[in-house]
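Subject: Structure handover

Hello,

Here is the structure I said I would pass on. My notes on what turned up in it follow below.

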Amino acid sequence: MAFFKKKSKEKDVDDFIIEMINNYKEVHKAAEDAVEEEKKARGELDQCDRQISDLQIYAAKAVQAGNEADARRFLTEKQSQTAQRERLHKIYELKAAQAQQLRKMNDDLVDQIEDMKARKQSIKATQAEAAAQEAINKIQEMSAKNDSAARTTLASLEAQARREKDLAAARAELNKTEKESSMDALQAKYDKLDLQTSGTQSVDDELQTLQRQL
């Protein structure tokens, strides 16, 4: 059951990372759109500023040319553009704030996802290290048991070999003793008999002589 609980927890982490990635995709798309809106608002505000600057220049030129009516028209349009600028500036500030907030959310999600992935890899590495160490421990335990069994077996074989050697030596000594005892008994049968020999005889002649004596 512990194995299945472990796998379940790992799946929960994977599911959480997947959910964060999906959220990141949505936030990233929203951030991109917000940045585009910010750029668009900035462009409209800059264009309004240029128009106001141009109207100021044209009004000055009209005054210089002595055309007061045209100067008034330019200045009137400038005032209209100035009011427009205030509205565009508020829109730009709102778009910029939204873009900044979404960019921060985007960056935070990236950091969180990377942190989760790094921690997951660290956990896997730790688990792999633990599994490797456990395998080494089992091998060492098995090796120790095998070594102990081998030593016991060798000691038993050595003891058996020594017993067999001692037994063989004892049998050899016993056979030697029995042979010597048999020969002694055989010789004792003829210790009381005197041999009569004359000169040098051949083995056959000596044997015949012995047979006659017996």
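A residue counts as buried when its relative accessible area is under 20%, as exposed when that value is over 50%, and as partly exposed in between. Phe 74 comes out at 26% relative accessibility, so it counts as partly exposed. Tyr 58, at 43%, therefore counts as partly exposed too. Please keep in mind that this is a predicted model.

Overall fold

The protein has 3 helices and 0 strands, giving the pattern α-α-α along the sequence. Of its 214 residues, 13% count as buried.

Aromatic rings

Searching the whole structure gives 1 aromatic pair. Its members are Tyr 58 and Phe 74, with ring centres 5.4 Å apart and planes at 25 degrees; planes under 30 degrees apart count as stacked, so this pair is stacked. Tyr 58 belongs to helix H1 and Phe 74 to helix H2, so the pair ties together parts that are 16 residues apart in sequence.

Another ring, that of Tyr 92, has a charge over it: the charged end of Arg 42 sits 4.7 Å from the ring centre.

Nonpolar core

Tyr 92 also belongs to the largest nonpolar core. The core has 7 residues in all, the others being Ala 41, Leu 45, Cys 48, Ile 52, Leu 88 and Ala 96. H1 and H2 each supply at least two residues of this core, and H1 gives the most, with 4 residues. As general background, nonpolar side chains in soluble globular proteins tend to be buried together.

Largest pocket

Which residues lie nearest the centre of the largest pocket? They are Lys 9, Glu 10, Val 13, Lys 120 and Ile 123, out of 10 residues that line the pocket. The elements that give two or more residues to this lining are helix H1, which spans 2–64, and helix H2, which spans 68–189. H2 gives the most to the lining, with 6 residues; in the nonpolar core, by contrast, H1 gives the most. The volume of the largest pocket is about 230 Å³. By class, its lining has 6 charged, 3 nonpolar and 1 polar residues.

To recap, helices H1 and H2 both appear in the aromatic pair, in the largest nonpolar core and in the lining of the largest pocket.

Regards

Definitions and conventions
Residues numbered from 1 in each chain as written. Predicted model: local features only at pLDDT ≥ 70, side-chain atom pairs only at ≥ 80, totals over all residues. Heavy atoms only, no water. 1 Å grid on protein atoms, 1.4 Å probe; cavity = no way out; pocket = protein on both sides within 12 Å on 5 of 7 lines; lining within 4 Å. Points joined across faces, edges and corners; volume = space filled by probe spheres on them. Nonpolar A, V, L, I, M, F, W, Y, C, P; charged D, E, K, R; others polar. Phe/Tyr/Trp six-rings, centres within 6.5 Å; stacked < 30°, edge-to-face > 60°. Buried < 20%, exposed > 50% of the residue type's maximum accessible area, 1.4 Å probe, protein only. Lys NZ or Arg CZ within 6 Å of the ring centre and 35° of its normal. Core = buried A, V, L, I, M, F, W, Y, C linked by side-chain atoms within 4.5 Å.
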